[in-house]
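User: I would like to learn how to read some features of a protein model. Could we start with how two helices pack against each other?

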Amino acid sequence: MMALTPRPGIMSIAPYVGGESSLPGQNRIIKLASNESPLGPSPRAVEAYKALASELHRYPDGGAVALRAALGRHHALEPSRIVCGAGSDELIGLLVRAYAGPGDEVLYSRHGFLMYPIAAQSVGATPVTAPERDLTADVDALLARVTPRTRILFLANPNNPTGSYLPSAEVKRLRDRLAPDVLLVLDAAYAEYVTRADYDAGAGMVESHDNVVMVRTFSKIYGLAALRIGWAYCPPAIADVLNRVRGPFNTGAAAQAAAVAALEDRAHTEKARAHNDRWLPWFSKQVEALGLIPHPSLCNFVLVQFPEATGGADKALAFLNGRGVIPRRMAGYGLPDCLRFTIGTAEEMEATVAALREFTGRRPETGGSR
């Protein structure tokens, strides 16, 4: 009997590995590996989720009509252009499946989200990276790597795991120089954390161009990572394509209801943003004072570089794990000397700095977080 054989290229995919949630022998864990919200979801979202407990035998609304309407009200968007998915991960995969295939290329910046090459390889396309400048996407480098085979260009803005961003003028320059048959996907998973005047998540660009899509998620500032719910804002023709290739019930009823409630609880979202605005600069300042290199971030995490004199990122990771702290290892992103730290609760960040202080053997120049 012949063994089943997957399509060419499938077995060369390196499976995505999420952030760890436990450590052997550790009872108290500080998980800073997955960029989850330290405040959790809105209480209103939790209530909406619980309210559907007696309806688990019902299929969800396959069109996510109420959620798309809520997103339209919240962001002043046209609901018919919105397609919901099981997190933005699913939408990324659907876009690649719909617009790329064997012989095509999918382009992204050097330290972009690992799901881009996985999605490309899953359909037989070739992932192509462009070098970054100071850990920031480089528009000229991206344009230089566009070829007649390029079908999709993914731009995470701001980017995970570097935390850097491109101002709207640079994104416009990128789009204006792309051929109309290249799809530009703006991955704005962390847009809710950004308050810079020169930043734009991309909705206006979607409305004025036929080859631009913006993808968003409820997994970050809304604290609904467990429910897997995201959305894409698309030109009408692309929304039509996504609705043809997605599963008929690709988002659950409880996820849709919780997402609607989360959108409506603006006070909780602002509280999460304010928490991040306080603790991200505090953490960056503390680790810098310890002789480490925190890279500027507009997201809910900080990429920290460990100079060789400290012993390196792997040694730091082992030490932190021994103290119950779980940051994210970055070797898979081509950043072997870095760890990524999610901004957690006040107590978690103070405990993490204390552990880093012990690791480096140095005291920060500044003290007192409260």
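Analyst: Begin with the cut-offs for the angle between two helix axes: under 35 degrees counts as roughly parallel, over 145 as roughly antiparallel, 65 to 115 as roughly perpendicular, and the rest as oblique. Note also that this is a predicted model. Here the axes of helix H11 (residues 313-322) and helix H12 (residues 346-360) cross at roughly 125° and come within 10 Å. H11 and H12 are therefore oblique to each other. The crossing in which H11 passes H12 is right-handed.

User: At roughly what angle do the axes of H3 and helix H4 cross?

Analyst: In general, two packed helices are described by the angle between their axes and the distance between the axes. For H3 and helix H4 (residues 115-122), the angle is roughly 40° and the axes come within 9 Å. This pair, H3 and H4, is therefore oblique. H3 passes H4 in a right-handed crossing.

User: How do I read a single helix, and which residues of H3 are buried?

Analyst: An α-helix has 3.6 residues a turn, so residues three or four places apart point the same way. Helix H3 (residues 87-99) has 13 residues; from its first C-alpha to its last it reaches 19 Å, close to the 18 Å expected at 1.5 Å a residue. Its buried residues are Gly-87, Ser-88, Leu-91, Ile-92, Leu-94, Leu-95 and Val-96. The same length check works for helix H10 (residues 266-289): its 24 residues should span 34 Å at 1.5 Å a residue, and its end C-alpha atoms are 35 Å apart, which agrees. Just after H10 comes Gly-291, with a positive phi of about 90°.

User: Which residues other than glycine have a positive phi?

Analyst: Ala-64 is one of them, with phi near 50°, and Leu-135 is another, with phi near 60°. Ala-64 sits in the loop between H1 and H2 and counts as buried at 2% relative accessibility. Leu-135 lies in the loop between strand E4 (126-130) and helix H5 (139-144); at 18% relative accessibility, Leu-135 also counts as buried.

User: Is Ala-53 buried or exposed?

Analyst: Ala-53 counts as exposed, at 52% relative accessibility. Its place is the loop between helix H1 (43-50) and helix H2 (65-75). Ala-53 and Ala-254 are 8.3 Å apart in space, C-alpha to C-alpha, and 201 residues apart in sequence.

User: Where are cis peptide bonds found?

Analyst: Look at omega. The bond that joins Asn-157 and Pro-158 is cis, with omega about 0°. From Asn-160 to Pro-161 the peptide bond is also cis, with omega near 20°. Pro-158 is in the loop between E5 and H6, and Pro-161 is found in the loop between E5 and H6 as well.

User: How many aromatic pairs are there, and why is the pair of Tyr-165 and Tyr-199 edge-to-face?

Analyst: A search of the whole structure finds 12 aromatic pairs. The planes of the Tyr-165 and Tyr-199 rings are at 65° and their centres 6.4 Å apart, so the pair is edge-to-face. This pair links distant parts of the chain, 34 residues apart: Tyr-165 in the loop between strand E5 (150-156) and helix H6 (168-176), Tyr-199 in the loop between strand E6 (183-187) and helix H7 (203-208). Both Tyr-165 and Tyr-199 are buried. Elsewhere, Tyr-16, Tyr-108, Phe-113, Tyr-116 and Phe-154 form one aromatic cluster.

User: Which arginines lie over the face of a ring?

Analyst: Arg-323 lies over the face of Phe-319, at 4.1 Å from the ring centre. Arg-340 lies over the face of Phe-301, at 5.5 Å from the ring centre.

Terms used: Residues are numbered from 1 along each chain as its sequence is written. This is a predicted model: local features need pLDDT of at least 70, side-chain atom pairs count only at pLDDT 80 or more; totals for chains, interfaces and linings use all residues. Side-chain values use heavy atoms; hydrogens and water are left out. Rings of Phe, Tyr and Trp (its six-membered ring) pair if their centres lie within 6.5 Å; planes under 30 degrees apart count as stacked, over 60 as edge-to-face and the rest as tilted. Helices (H or I, at least four residues) and strands (E, at least two) are DSSP runs, numbered from the N terminus. Buried means under 20% relative accessible area, exposed over 50%, partly exposed in between (1.4 Å probe, protein chains only). A charge sits over a ring if NZ of Lys or CZ of Arg is within 6 Å of the ring centre and within 35 degrees of the ring normal. The expected span of a helix is 1.5 Å times one less than its number of residues. Axes are lines fitted to C-alpha atoms, for helices over the stretch in contact, and angles run from 0 to 180 degrees between N-to-C directions. A crossing is left-handed if the near helix is turned anticlockwise from the far one by less than a right angle, and right-handed if clockwise.
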